[in-house]
Amino acid sequence: MLNKRRLNEIIEGFIIQRNVISALVYRELKTRVSQVKFGILGVFFGPLGVMLIFLIIFSIFKGDRGVGLNIFLFLASGIVMFTFFQDLAVRGANAMQANEALFFYRPVKPIDTIIARTIVESLLYLIVFFVIILGVFLYKEEIIFYDFPLFVSAYLAFTIFCFSLGLVLMVAAHFYNWILQIIPLFIRPLWLISGVFVGLRQLPQWVRPYASWNPLVQCIELIRHSFSINYIIDPTEVSIIYLWQFSLISLFISLWIYQNNELVLLKR
C-alpha cells in the first residue's frame, strides 16, 4: 500500500510539472511573439534573416574551398548551432530574474523555467534549420541528408548540454549578478574558436586536438557530416559518443548543483 501511494505521488508530481512546463512554454512563446514585429512569423524569420545575411556575406568571400559540403549548409550548421548555444546560455542565466514573480506559486520551480526555455529555443532553431535546408534543397534539387539519425542524435545531445549550461548559469547568476554582464563578453570570442566559419580539418594540426574538446565544435562537425558523406571527419577527433558522454556528464553535474541550491533559489 505504501509503495502504491508513493507511486501515485510520483505520478501526480510529474503531471503537475508537465502542466507547469506547458504553461511556461506558452508564456515564453507569447513573450517572444510580443517582443518582435510580425507576430509569430517574426519569431521564426527574425533569427533566420540575421543568419541569411551572414550566410550571403561569407559565401561571397569564402566560397566553397573544397570543404565537401554546400557552403550554405556549411555556414548554417555553424551559425544556427552557435546562435542556439548563445541564446540559451544568456536566457538561462537571467531565467530567475525574468520569472521571479512566478516562484510565489509553489508548483513552479526554477528548473521548470530552464526546461521551458530549452524547449522553445531548440524547436525554434530546429525550424530555422529546416527552413534553410528546404531552401537549399529547392535551389540545388538534391537530397540533403546523408545520415539523418546522426543529425537528430547530435542535435539532441547538444540540446541536453545547452540545458545543463543554462541551469548552471542560472544558479551562478543568482549568487553573483556580475555573471549576467560577463556572459556575452565571454561568448563572443567563441565565434572564432568553435568551428562556426572554419571546419576542424582546416585548422592547424597542433590546434585540432584541443579544439575537438569543445562540444560545440563536435556538434557542428557531426551535423555537417550528417548532410554529406563528402564532408570528412576524423573519428579520432569527432565522435557522437564523446558528445553524448560530455552532455550526460554535464547534465548530472548541473542537476546536482541545482538540487543542492534549489531551496536557496526559492527564498523570497
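This presentation describes the helices, salt bridges, long-range contacts and one surface patch of a single chain.

Good morning, colleagues. The model before you is a predicted one, and that applies to every value I shall quote. I will begin with the overall composition of the chain. The secondary structure amounts to 12 helices and 0 strands. Read from the N terminus, the order of elements is therefore α-α-α-α-α-α-α-α-α-α-α-α, where each element is a DSSP run. Of the 268 residues in the chain, 45% are buried.

Let me turn to helix packing. A pair of packed helices is described by the angle between the two axes and by the distance separating those axes. My first pair is α6, residues 148-175, with α10, residues 215-227. Their axes lie 8 Å apart, and the packing angle is about 160°. Angles over 145 degrees count as roughly antiparallel, and α6 and α10 are therefore roughly antiparallel to each other. The crossing in which α6 passes α10 is left-handed.

Helix α10 also packs against α11, which spans residues 240-259. Here the angle is about 140° and the axes are 10 Å apart. That angle makes α10 oblique to α11. The crossing of α10 and α11 is left-handed.

I come now to the charged side chains. As a general matter, side chains of opposite charge can pair when their charged atoms come close. How many salt bridges does the structure hold? The count is 5, and I shall take three pairs individually.

The side chains of R91 and E28 form a salt bridge with an N to O distance of 2.1 Å. R91 belongs to helix α3, residues 71-93, while E28 belongs to helix α1, residues 2-34, so this pair ties together parts that are 63 residues apart in sequence. Are R91 and E28 buried or exposed? R91 is buried, as is E28.

A further salt bridge joins the side chains of E237 and R208, at 3.2 Å from N to O. E237 sits in the loop between α10 and α11, and R208 sits in helix α9, residues 208-211, so the pair ties together parts that are 29 residues apart in sequence. Both E237 and R208 are buried.

The third pair takes us back to α10. E221 and R224 meet through their side chains in a salt bridge, again described from N to O, at 3.2 Å. Both residues lie in helix α10, 3 residues apart, which is about one turn of the helix. E221 counts as buried because its relative accessible area is 2%, under the cut-off of 20%. R224, at 0% relative accessibility, is buried as well. Beyond individual pairs, salt bridges that share partners connect E28, R91, R117 and E121 into one network.

Next, some contacts between positions that are separated in sequence. R27 is in helix α1. R27 and R117 are 90 residues apart in sequence, and their C-alpha atoms are 10.0 Å apart in space. With a relative accessible area of 34%, R27 is partly exposed.

F82 is located in helix α3. What separates F82 from G195, in sequence and in space? The two are 113 residues apart in sequence, and the distance from C-alpha to C-alpha is 9.3 Å. F82 counts as buried, at 0% relative accessibility.

I119 lies in helix α5, residues 110-140. I119 and F163 are 44 residues apart in sequence and 9.2 Å apart in space, C-alpha to C-alpha. I119 is partly exposed, its relative accessible area being 31%.

Finally, the surface. Which residues form the nonpolar patch? They are F175, Y176, W178, I182 and V264, and together they have about 490 Å² of accessible area. F175 lies in α6, the helix that packs with α10. Why does F175 count as partly exposed? Its relative accessibility is 40%, and partly exposed residues are those between the limits of 20% and 50%.

To conclude, I would leave you with three points. The chain comprises 12 helices and 0 strands. Helix α10 packs with α6 at about 160° and with α11 at about 140°. The residues E28, R91, R117 and E121 are joined by salt bridges into one network. Thank you for your attention.

How values were computed:
Residues numbered from 1 in each chain as written. Predicted model: local features only at pLDDT ≥ 70, side-chain atom pairs only at ≥ 80, totals over all residues. Heavy atoms only, no water. Patch = residues over 30% accessible without salt bridge, like charges linked within 9 Å, V, L, I, M, F, W, Y side chains within 5 Å. Areas by Shrake-Rupley, 256 points an atom, 1.4 Å probe, with all protein chains shown as cover. Salt bridge = Lys/Arg side-chain N within 4 Å of Asp/Glu carboxyl O. Helix = DSSP H or I, 4+ residues; strand = E, 2+ residues; numbered from the N terminus. Buried < 20%, exposed > 50% of the residue type's maximum accessible area, 1.4 Å probe, protein only. Axes fitted to C-alpha atoms, helices over the stretch in contact; angles between N-to-C directions. Parallel < 35°, antiparallel > 145°, perpendicular 65-115°, else oblique. Left-handed = near helix turned anticlockwise from the far one by under 90°.
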